[in-house]
Amino acid sequence: MDLYHWDIQGAVMTSTLDTEIFMDLPPGSSLPEGKCISLRKSLYCLKQSSTLFHDTLEAWLLEYGFTAVGADSVIFRLNRGGETMMLSLYVDDSMCASSSRA
């Protein structure tokens, strides 16, 4: 069985927010006094960033044919054509074990 590990760069910044979030810009920005901005995508500093990313990736994996192993949806399994792939997710780190390199 082959084992792979990777870190998904910019993972949480690709997640679409599920609630409306506003933030003040830091001092020195060109935004007029008393104004704030509305975020369209997640940022690392948001408490829900990693959860939003995990939910987005989980939905894609399930759509692709993976099944969640256990109740917490951290490990996923895919069986195709006699080959098995196990995928473990923790925030933006992933580990994959596969019975084939293909």
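Guide: In this predicted model, a residue counts as buried under 20% relative accessible area, as exposed over 50%, and as partly exposed in between.

Visitor: Is Cys-36 buried, partly exposed or exposed?

Guide: The relative accessible area of Cys-36 is 40%. Buried requires a value under 20% and exposed a value over 50%. Cys-36 therefore falls in the class in between, and is partly exposed.

Visitor: Does Cys-96 count as buried or exposed?

Guide: Cys-96 has a relative accessibility of 5%. The cut-off for the lowest class is under 20%, so Cys-96 counts as buried.

Visitor: How many disulfides does a search of the whole structure find?

Guide: A disulfide requires a pair of cysteine sulfur atoms within 2.5 Å. Applied to the whole structure, the search returns a count of zero.

Visitor: In what order do the five strands of the open sheet stand?

Guide: The pairing in this sheet is antiparallel. Neighbouring strands are turned by 25° against each other on average, direction ignored. From one edge to the other, the order is β1-β7-β6-β5-β4.

Visitor: Which strands leave one side without a neighbour in the sheet?

Guide: A strand at an edge has a single partner strand, so one of its sides lacks a neighbour in the sheet. The strands in that position are β1 (2-7) and β4 (67-69).

Visitor: Which residue in β5 stands opposite Thr-67?

Guide: β4 runs antiparallel to β5 (residues 75-80), and three bridges join them. Within this pairing, the residue of β5 opposite Thr-67 is Arg-77.

Visitor: What is the bridge partner of Ile-75 in β6?

Guide: β5 pairs with β6 (residues 83-90) in the antiparallel sense over six bridges. In the hairpin of these strands, two residues lie between them, and Gly-81 has a positive phi near 55°. On the β6 side, the partner of Ile-75 is Ser-88.

Visitor: Which residue in the turn between β6 and β7 has a positive phi?

Guide: Six bridges join β6 to β7 (residues 93-98), and the two run antiparallel; Met-85 stands opposite Ser-98 in β7. The strands form a hairpin with two residues between them. The residue in this turn with a positive phi, about 55°, is Val-91.

Visitor: How many nonpolar residues are in the lining of the second largest pocket?

Guide: This pocket holds about 150 Å³ of space. Its lining includes Asp-24, Leu-25, Pro-26, Gly-28, Glu-33 and Lys-35. By class, three lining residues are polar and three are charged, while the number of nonpolar residues is five.

How values were computed. Residues are numbered from 1 along each chain as its sequence is written. This is a predicted model: local features need pLDDT of at least 70, side-chain atom pairs count only at pLDDT 80 or more; totals for chains, interfaces and linings use all residues. Side-chain values use heavy atoms; hydrogens and water are left out. On a 1 Å grid over the protein atoms alone, a cavity is a set of points where a 1.4 Å probe fits but cannot get out, and a pocket is an open set with protein on both sides within 12 Å along at least five of seven lines; lining residues have an atom within 4 Å of a point. Grid points are joined across faces, edges and corners, and a volume is the space filled by probe spheres set on the points. Ala, Val, Leu, Ile, Met, Phe, Trp, Tyr, Cys and Pro count as nonpolar, Asp, Glu, Lys and Arg as charged, and the others, Gly among them, as polar. Buried means under 20% relative accessible area, exposed over 50%, partly exposed in between (1.4 Å probe, protein chains only). Two strands pair if DSSP finds at least two bridges between them. Helices (H or I, at least four residues) and strands (E, at least two) are DSSP runs, numbered from the N terminus. Axes are lines fitted to C-alpha atoms, for helices over the stretch in contact, and angles run from 0 to 180 degrees between N-to-C directions.
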